[in-house]
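User: Could you take me through this structure step by step? I am new to reading such models.

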Amino acid sequence: MVSAGGRRVLVAGGVGIDTIVQVPALPLAMADSIHVPPVVDYVAHTGNGVALGLLALGHHPVLIDFIGDDPQAQLIHARYRERGLPFDYLVHPSGTRRSVNLVAPDGRRLSLYDGRHPDSVRMPRTFYLPRIQEAEHVHLSIMPWAAALFDDAAALGLPVSTDLHDWDGGNPYYHPFAWRADLVFLSAAVLGEGVFDAMRAICRNGRAQVVVATDGARGSYALARGDDTIRHSGCAALDGPVVDSNGAGDAFASAFLHAWFEGATVDECMRTGAIGGAFACRFHGTAERSLGLEELARYCSASPS
C-alpha cells in the first residue's frame, strides 16, 4: 500500500489550537482548585490531523481554512513550516478557533470547543477554486462554508470524504455532508446502539460508497454500499500505553484514506485505520506525531490479516 507519488488532496477546514489539560479523572470532582501537570497548547483540530496524517503517509495535502491574526495563528504557521504542509488561509477578525481538552489518565477526553467564527462566514469561490482544481480528492471538515465545495467537487468529478464526528443521527445541519460525501466517517460516541441505523440511513439517503464509524476501545464498523453487512474491526494492539486519545479519529481517517487510495479492500482499510488511530493514542497532544510509511509497514507485517 505504498504509493510512489501519493494523492493530491484538498483538506478544507478544521485548523485550530488545543489547550490540553491532564486531569486526575473524568468527570471532574467539584472542587475550588485541582492541581494538574503543565498545560500545553498544540496545533490541532480535525483538518489539521487529517492533512498531517496524509502528508506523513506520502501524499500531497493542501489545507485551507480561516484563522486569526493572533498568537495562536503564529503557532499554526510555525508548525506547518516545520512539517512542510502547504497551508492557504484567510484571516477572520474573530480569531483562531480553540478547544480546551481535558484528558484523563486512561486517555479519554472531554473537549470544550470554541468555534468562534460565525456560521455565516463563507470562503470566496475565487480563493478555493484554484486549489480544488488541482486536487485528486477532497476532504471536507463540517464547517458551514465547506459545504459549498460539494458542487465544485461534483462538477470536477472529484471524490469527497468527510467526518461527521459526534453526530446524533438527527441534526439536519450534518445532512449535506452525510448525504453528499463518497466516504463518510463518524463517531459512535453519541449514537450508541443507534450507530448502525445511522450508518444505514447515510447509505440509503446519500451517495456514500462506505460509511465508517469509530467506537473508541470497541474498534470500528464499516458499511459498504450494496452490502447490508456491518463489518467490525478491533483496535490495533501496538506497543506502548494509551496516553491521549486526542486526534485518534483523524489519524484513523487519514490512514484509512491512504489504504483506500491504494485500492485496498474495506477490511484492509479498517485495519490500516485502526493502526493509525492506535498510533496517535501513544503520544500526548493532537497530531504531534503522525504515522509514517515505514511504521505502517512494520505494524502491518506484525498484525494478523
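Analyst: Let us begin with a definition: two strands pair if at least two bridges are found between them by DSSP. Please note that the model is predicted. With that definition, strand 2 (residues 16–22) and strand 6 (residues 98–103) pair in the parallel sense over six bridges. Within this pair, Thr 19 stands opposite Val 100 in strand 6.

User: What holds paired strands together in general?

Analyst: Strands of a sheet pair through backbone hydrogen bonds, in either a parallel or an antiparallel sense.

User: And what is the order of the strands in the open sheet of four?

Analyst: The order is 3-2-6-7, and the pairing is mixed. Strand 3 (40–44) and strand 7 (109–114) stand at the edges with a single partner strand each, so one side of each has no neighbour in the sheet. On average, neighbouring strands of this sheet are turned by 25° against each other, direction ignored.

User: Which strands does helix 2 lie across?

Analyst: Helix 2 (residues 71–83) lies across strand 2, strand 3 and strand 6. Its direction is at about 60° to strand 3.

User: Let us change to helix 9. Which of its residues are buried?

Analyst: In helix 9 (residues 293–302), the residues Glu 295, Leu 296 and Tyr 299 are buried. Seen down the axis of helix 9, the buried residues fall within an arc of 100°, so they line one face of the helix.

User: Why would residues a few places apart share a face?

Analyst: An α-helix has 3.6 residues a turn, so residues three or four places apart point the same way.

User: What do the buried residues of helix 9 pack against, and what is on the other side?

Analyst: They pack against helix 7 (248–261) and helix 8 (266–280). On the other side of helix 9, Glu 294 and Ser 301 are exposed.

User: Any unusual backbone geometry?

Analyst: Some background first: most residues other than glycine have a negative phi, and most peptide bonds are trans. Here, Leu 26 and Pro 27 are joined by a cis peptide bond, with omega about 0°. Pro 27 is found in the loop between strand 2 and strand 3. His 165 has a positive phi, near 55°, and Ala 287 has a positive phi near 60°.

User: Where are those two, and is each one buried or partly exposed?

Analyst: His 165 is in the loop between strand 9 (160–163) and helix 5 (175–180). The relative accessible area of His 165 is 23%, so this residue is partly exposed. Ala 287 lies in the loop between helix 8 and helix 9. With a relative accessible area of 14%, Ala 287 is buried.

User: What does Ala 287 touch?

Analyst: One contact of Ala 287 is with Asn 48, a residue of helix 1. Asn 48 counts as buried because its relative accessibility is 0%, and the cut-off for buried is under 20%. Leaving aside neighbours within four places in sequence, Asn 48 is also in contact with Gly 14, Val 43, Leu 63, Tyr 80 and Thr 286.

User: How many cavities of 30 Å³ or more are there?

Analyst: There are two cavities of 30 Å³ or more. The largest has a volume of about 120 Å³. Of the 15 residues that line the largest cavity, the closest to its centre are Gly 53, Ala 251, Ser 254, Arg 289 and Ser 290.

User: Which helix gives the most to that lining?

Analyst: Helix 7 does, with four residues. Helix 1 (46–56), helix 7 and helix 8 each supply at least two residues of the lining.

Terms used. Residues numbered from 1 in each chain as written. Predicted model: local features only at pLDDT ≥ 70, side-chain atom pairs only at ≥ 80, totals over all residues. Heavy atoms only, no water. Axes fitted to C-alpha atoms, helices over the stretch in contact; angles between N-to-C directions. Contact = heavy atoms within 4.5 Å. Buried < 20%, exposed > 50% of the residue type's maximum accessible area, 1.4 Å probe, protein only. Arc of directions from axis to C-beta. 1 Å grid on protein atoms, 1.4 Å probe; cavity = no way out; pocket = protein on both sides within 12 Å on 5 of 7 lines; lining within 4 Å. Points joined across faces, edges and corners; volume = space filled by probe spheres on them.
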